[in-house]
Amino acid sequence: MAVSIADPDDTSRYFSVRGRVTSTTADGAAESIEQLAQKYTGHPYASYGGPGQTRLLLTITVDSVIHSPMH
């Protein structure tokens with residue numbers, strides 16, 4: 001599993017985390033996406049994939065972190 005986050009103003013600046021998924025659960029996942037939507041958009045989650053989705057929370061054990069620029 002890898003997650004990368006880039007600076008939208010300068011895509012040469014980024015963090016990338018690589019690791020292994022060590023647990024998966026649906027418990028609390030719907031509430032989590034709702035909290036994130038409220039935090040970042042100020043609105044309820046838009047359910048882009050349509051109703052009836054199953055959300056999952058993944059726990060990732062990090063093996064490595066890469067970032068640029070290297071400071």
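Start with Ile5: across from this residue, in strand E2, stands Phe15. The two strands involved are E1, residues 2-7, and E2, residues 10-25, and they run antiparallel with six bridges joining them. To get from E1 to E2, the chain makes a hairpin through two residues. If you're tracing side chains here, a rule of thumb helps: in a regular strand they alternate between the two faces of the sheet. Keep in mind throughout that you're looking at a predicted model.

Now zoom out to the whole fold. Reading along the sequence gives the pattern β-β-α-β, so to speak a short list of parts: one helix and three strands. The helix, H1, covers 29-41, and a loop lies between H1 and E3. Strand E3 itself spans 57-68.

How does the overall size stack up against a compact globule? For 71 residues, such a globule would have a radius of gyration near 11 Å, whereas this protein has 15 Å. Along the principal axes, the C-alpha atoms fill a box of roughly 40 × 30 × 20 Å. Burial is worth a look alongside those numbers: buried residues make up 7% of the 71. The accessible surface comes to about 5,700 Å², and carbon and sulfur atoms account for 56% of that.

The contacts tell another part of the story. Take those with a separation of 6 or more: 65% of them are between residues 24 or more positions apart. As for charges, there are 5 positive and 7 negative ones, and the mean positions of the two sets are 6 Å apart.

Next, follow the chain into the loop between H1 and E3, where you'll find Pro44. Is this proline buried or exposed? Pro44 counts as exposed because its relative accessibility is 56%, and the cut-off for exposed is over 50%. Exposed or not, Pro44 does have company: leaving out residues up to four places away in sequence, Pro44 touches Glu34, Ala37 and Gln38. Val3 is another matter, with its C-alpha atom 24 Å from that of Pro44 and their positions 41 residues apart along the chain.

Finish at another proline, Pro69, in the segment after strand E3. What kind of peptide bond joins Ser68 and Pro69? The bond is cis, with omega at about 0°. For context, most peptide bonds are trans.

How values were computed. Residues numbered from 1 in each chain as written. Predicted model: local features only at pLDDT ≥ 70, side-chain atom pairs only at ≥ 80, totals over all residues. Heavy atoms only, no water. Helix = DSSP H or I, 4+ residues; strand = E, 2+ residues; numbered from the N terminus. Rg over C-alpha atoms; globule rule 2.2 N^0.38 Å. Buried < 20%, exposed > 50% of the residue type's maximum accessible area, 1.4 Å probe, protein only. Contact = heavy atoms within 4.5 Å. Areas by Shrake-Rupley, 256 points an atom, 1.4 Å probe, with all protein chains shown as cover. Lys, Arg positive; Asp, Glu negative; His and termini not counted. Charge placed at Lys NZ, Arg CZ, Asp CG, Glu CD. Pairing = 2+ DSSP bridges.
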